[in-house]
Structures are given as C-alpha cells and as structure tokens.
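Reader: I should like to request a close examination of a single part of this model, set within the context of the whole. Please treat it as one connected account.

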Amino acid sequence: MRKVNLLRCDVARDSSLQELFTDLSEMRFALSQAYTRFNSAVEPELVDACVFEINAIQSRYNYLLRVIKESGGEAECRICSEGVCSWI
C-alpha cells in the first residue's frame, strides 16, 4: 500500500479521504478526553460509563482506520496534540 501524504495533489483533492482523516483525528482526541474522564471518575457507575464510552470510541476509530486502509490509504500519525494531527 502507498502512504498517504495530504500535501500531494491527488490525495488533497480527495475530499472523502480528507474527511476520514479528520474524523480519525477527532476520534483520537475524543479517546484522550474519555481516558481523562475515566481517570478522574470515582463512582462505580461513572467508571462503567467511561469504560463503555472508551469502547465505543475505539470501535469507531478502528472502523475509520479500516475504511482508510481499504480505500488505499495508509496513515501514520506524526504529531497529535490538542486534537490537531499531522498525517503522513
């Protein structure tokens, strides 16, 4: 498979692939926030809710990653901070 470089013209014009990468980045940020909530939860019910939330986000992340790979893209996140990712 080829590596996806969003600076290349052919990939940059593919808005559906860009949207998938954006969604993937958002899922990484959401997962980070869910783990933060999990680490601060003290009530058993809240811990359970956080576990379910983390599992749901991980499932969505895995789905997006699979769709990207099936569409011919291979992604590696180089920099991710505050929900902003740089993909190569």
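In which helix is the place of S32? Please describe that helix closely, together with whatever it packs against.

Author: S32 has its place in helix α2. The model is a predicted one, and a brief account of the whole will help to situate this helix.

The protein comprises three helices and four strands, and from the N terminus these elements follow the order β-α-α-α-β-β-β. Of its 88 residues, 25% count as buried. The accessible surface amounts to about 6000 Å², and carbon and sulfur atoms account for 54% of that surface. Among contacts between residues at least 6 apart in sequence, 53% join residues at least 24 apart.

Confidence varies along the chain. The mean pLDDT of the protein is 79, and 67% of the residues reach 70 or more. Confidence is highest in α3, at a mean of 95, and lowest in helix α1 (residues 9-12), at a mean of 45. Over residues 78-82 the pLDDT stays under 50, and the model has eight contacts beyond four places in sequence for this stretch. Where pLDDT is low, the predicted coordinates should not be read in detail.

Helix α2 itself covers residues 15-40. With 26 residues at 1.5 Å a residue, α2 should span 38 Å, and its end C-alpha atoms are indeed 38 Å apart, so the expected and modelled spans agree. The buried residues of α2 are L17, L20, F21, L24, S25, M27, A30, L31 and A34. S32 is not one of this group: its relative accessible area is 41%, so S32 is partly exposed.

Helix α3 covers residues 44-70. For its 27 residues the expected span at 1.5 Å a residue is 39 Å, and the end C-alpha atoms of α3 are 39 Å apart, which agrees. Its buried residues are C50, I54, I57, Y61, L64, V67 and I68. Just after α3, G72 takes a positive phi of about 95°.

Three pairs of C-alpha atoms help to place residues of α2 relative to residues further along the chain. F21 lies in helix α2 and counts as buried, because its relative accessibility is 2%. The C-alpha atom of F21 is 8.6 Å from that of L65, although the two residues are 44 residues apart along the chain. S25, likewise in helix α2, has a relative accessible area of 7% and is therefore buried. Between the C-alpha atoms of S25 and Y61, which are 36 residues apart along the chain, the separation is 8.9 Å. Y61 is among the buried residues of α3. For S32, the partner considered here is I54: the two are 22 residues apart along the chain, and their C-alpha atoms are separated by 9.1 Å. I54 is also among the buried residues of α3, whereas S32 is partly exposed.

The nonpolar residues give a further view of the two helices. The largest nonpolar core has 14 residues, of which L17, L20, L24, M27, I57, L64 and I68 touch the most other members. Both α2 and α3 supply at least two residues of this core, and α2 gives the most, with eight residues. In soluble globular proteins, nonpolar side chains tend to be buried together.

Charged side chains complete the description. The structure holds two salt bridges. In one of them R37 pairs with E53, the closest N and O atoms being 2.4 Å apart. R37 lies in helix α2 and E53 in helix α3, so this pair ties together parts that are 16 residues apart in sequence. Both partners are partly exposed: R37 has a relative accessible area of 37%, and E53 has a relative accessibility of 28%.

The other salt bridge joins the side chains of E70 and R66, with an N to O distance of 3.7 Å. These two residues are four apart in helix α3, so about one helical turn separates them. E70 counts as exposed, at 60% relative accessibility, while R66, at 43%, counts as partly exposed.

In summary, α2 and α3 each supply at least two residues of the largest nonpolar core, and the salt bridge between R37 and E53 ties parts of these two helices together. Within α2, S25 is buried, while S32 is partly exposed.

Key:
Residues are numbered from 1 along each chain as its sequence is written. This is a predicted model: local features need pLDDT of at least 70, side-chain atom pairs count only at pLDDT 80 or more; totals for chains, interfaces and linings use all residues. Side-chain values use heavy atoms; hydrogens and water are left out. A salt bridge is a side-chain nitrogen of Lys or Arg within 4 Å of a carboxyl oxygen of Asp or Glu. Buried means under 20% relative accessible area, exposed over 50%, partly exposed in between (1.4 Å probe, protein chains only). A nonpolar core is a set of buried Ala, Val, Leu, Ile, Met, Phe, Trp, Tyr and Cys residues joined through side-chain atoms within 4.5 Å. The expected span of a helix is 1.5 Å times one less than its number of residues. Contact means heavy atoms within 4.5 Å. Accessible areas come from the Shrake-Rupley method with a 1.4 Å probe; for residues, only the protein chains shown count as cover. pLDDT is the predictor's confidence in each residue, from 0 to 100.
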